[in-house]
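Ready for some practice in reading a protein fold? Work through each exercise with the structure open beside you, then compare your reasoning with the solution.

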Amino acid sequence: MNFIQTLYIDTGKDPFHDKFGWVSPEYHLMGWAFSCLQLNKIYGNITLYANSPGAQLLIDTLQLPYTDVILAHDNLTLIHPALWALPKIYTYSLQERPFLHIDGDVFLFSPFDSNFLEGELIAQNVEMETENYYTPSKKGIMRHFVFFPSCVKKDFESGSPIKCCNAGVLGGHNILFFSEYASLAFEYINKNQNKLQNIKVDSFNVFFEQHLFYALAKEKNIPVNVLFKGIFDDRGYKYFGDFHDVPFNRNYLHLLGDFKRDEYTCIQMTDKLRELYPKYYERIVALFSKKNLQLSPCGFINGVSLSTGQLDEQSNTHLQRLKHIAEYCPENVDNEIFNDDFRLFYQKLISILKANKNQKNVCKRDIAARNWYCELFIEQMEILDKMIVRCRETNIIQSSFDWAGLFNKYYRTGVDYYEKLKIESGHFFNLLVPEATDNGFSLYDINEIDYALLQLLSEPLPIRDLIKKMEDYFDSDVIQNHYDVYLNLILSSIKQLVIQKAIQTL
């Protein structure tokens with residue numbers, strides 16, 4: 001099996017300035033590095049297909065350990081810059097022996113099952129059309145396009161929701177299929193190129209790559225080996241960005257869609273890269289520094305930091321976001337109460353940040369924190385005897401409005417809870433965690449259960465004792481008749497607070 005990846009950098013794009021679908025350029029580069037390094041670690045034989053700018057970035061600049069580099073894409077011209085899947089299709093068309101293509105935002109932590117790799121056709125999983133993504137794009141394509149491959153036309157006209165094969169990994173042993181598939185994809189694009197102006201071109205990529213693959217395999221009655229069974233919808237990839245769960249609980253992650261646009265997830269990725277491959281992490285940071293380019297202040301230190309005892313409220317991105325949030329008081333809320341509560345919250349926040357000058361301790365905490373989650377949850381049978389305590393660096397600010405939740409509504413991407421969050425008055429707990437970044441902190445909205453856990457953990461406790469003490473916060477009916485639900489709720493809260501670096505192991 002030939003393991004391959006593709007990077008095509010279109011004319012006029014600069015990987016140190018352009019985001020390539022990520023939050024910012026540095027995460028794109030770190031994602032590529034991490035993906036390649038993990039594949040090299042597991043298989044040791046990875047081929048890169050690229051044009052010259054792509055090869056220069058990954059081989060010459062980042063010095064990634066690809067076994068072979070094939071400059072096959074220099075003569076490929078995209079008829080539209082948003083057709084980002086087309087270079088991959090071209091790579092598929094060049095294969096002459098069994099292969100598996102792995103996207104640059106896929107991270108592997110153990111080898112694939114040998115039976116999975118023996119399939120005629122191979123894909124990550126099957127996904128179903130939903131109103132969120134596929135249906136609106138399909139309607140536009142059907143309305144404006146003049147040509148459809150027969151298998152696509154048949155699927156569109158069936159009246160049933162279409163299915164697609166997610167191409168996080170894509171390949172197989174049936175090389176003749178890929179030759180026909182690639183040819184159809186190019187024909188699908190070329191015969192409709194004058195109609196691209198009428199649709200959202202970015203959304204078309206999944207149709208000529210993922211839907212065409214599924215429809216053609218279905219028409220030819222060729223089975224597809226999938227890595228994940230069942231059928232996903234386009235919002236069903238809940239755990240594909242959970243870096244805290246690798247390698248003991250998950251061995252495959254894929255930052256598709258919103259994951260790569262969610263900086264919280266990207267920070268987890270770069271933390272894991274820094275842990276496993278510090279030389280490459282530092283190399284990328286140094287490259288941006290050499291070019292006098294600022295890294296994201298949410299995840300990196302560019303220069304002046306809280307360790308100097310200074311706090312520049314005007315340049316701190318997190319603080320500016322909070323101020324931006326406070327400018328919009330909804331009509332159903334008393335404006336004076338809203339503004340007064342923000343003023344008090346903000347004053348407490350600034351006071352805590354100014355008092356937090358020991359960034360050295362925060363860096364030490366971050367190194368230790370890499371192991372906390374694994375230490376606690378790798379052995380489920382032993383978890384109740386583990387000792388935990390609240391991290392002393394954390395602070396909790398109580399408020400009448402959910403400022404941390406509203407901050408994360410602005411800051412997070414693709415999280416349903418935050419997308420639906422509304423401004424309402426109540427009693428809220430804002431968890432403030434100091435960070436070794438230019439912004440200097442993370443802010444999390446926690447609930448009453450989380451707050452009670454942290455209060456009880458002012459001194460070290462075994463989880464068994466903590467669970468017993470938390471019973472006082474619940475009705476006796478819950479403890480007597482729904483204890484499993486109660487236990488899972490407490491353990492889930494502990495997990496999240498460990499990830500947020502609010503609870504540590506001993």
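**Exercise 1.** Find out which way strand 6 and strand 8 run relative to one another, parallel or antiparallel, and then look for the other partners of strand 6.

*Solution.* Keep in mind that you are looking at a predicted model.
- Step 1: Strand 6 and strand 8 (residues 224-226) are parallel, joined by 3 bridges. As a landmark, Ile122 sits opposite Asn225 in strand 8.
- Step 2: Look next at strand 9 (residues 231-233), which is also parallel to strand 6 and is linked to it by 3 bridges. Here Val126 has Ile231 as its bridge partner.
- Step 3: Strand 7 pairs with strand 6 in the antiparallel sense, over 6 bridges. One place to check this is Asn125, whose bridge partner in strand 7 is Asn166.
- Step 4: Finally, consider how covered the strand is: of the 8 residues in strand 6 (residues 121-128), 7 are buried.

**Exercise 2.** Work out the strand order of the open sheet of 3 strands, and say which strands lie at its edges.

*Solution.*
- Step 1: The order is 15-11-16, and the pairing is antiparallel.
- Step 2: Strand 15 (461-462) and strand 16 (503-505) each pair on one side only, which makes them the edge strands.
- Step 3: Strand 11 (residues 387-390) is joined to strand 16 by 3 bridges. Among the residues involved, Val389 has Gln504 as its bridge partner.

**Exercise 3.** Check whether the length of helix 12 agrees or disagrees with its number of residues, then decide where its buried residues lie.

*Solution.*
- Step 1: Helix 12 (residues 335-355) has 21 residues, so at 1.5 Å a residue it should span 30 Å. Its end C-alpha atoms are 30 Å apart, which agrees.
- Step 2: List the buried residues: Phe338, Asp341, Phe342, Phe345, Tyr346, Leu349, Ile350 and Leu353.
- Step 3: Down the helix axis, these buried residues fall within an arc of 160°, so they line one face of helix 12.
- Step 4: On the other side, Glu336 and Ala355 are exposed.
- Step 5: Now see what the buried residues pack against; the partners include helix 11 (317-326) and strand 13 (425-434).
- Step 6: At the N-terminal end, Asp334 acts as a cap, with a side-chain oxygen 2.9 Å from the backbone nitrogen of Glu336.

**Exercise 4.** Explain why helix 3 counts as largely enclosed.

*Solution.*
- Step 1: In helix 3 (residues 86-93), 6 of the 8 residues are buried, so the rest of the structure largely encloses the helix.
- Step 2: Those buried residues are Leu86, Pro87, Lys88, Ile89, Thr91 and Tyr92.
- Step 3: They pack against several elements, including strand 1 (2-7), strand 7 (163-172) and helix 8 (201-219).

Notes: Residues are numbered from 1 along each chain as its sequence is written. This is a predicted model: local features need pLDDT of at least 70, side-chain atom pairs count only at pLDDT 80 or more; totals for chains, interfaces and linings use all residues. Side-chain values use heavy atoms; hydrogens and water are left out. Buried means under 20% relative accessible area, exposed over 50%, partly exposed in between (1.4 Å probe, protein chains only). Helices (H or I, at least four residues) and strands (E, at least two) are DSSP runs, numbered from the N terminus. Contact means heavy atoms within 4.5 Å. Two strands pair if DSSP finds at least two bridges between them. The expected span of a helix is 1.5 Å times one less than its number of residues. The arc is that of the directions from the helix axis to the C-beta atoms. A polar contact is a pair of N or O atoms within 3.5 Å; within protein, one must be able to donate a hydrogen and the other to accept it, and residues adjacent in sequence count only if both atoms are side-chain atoms.
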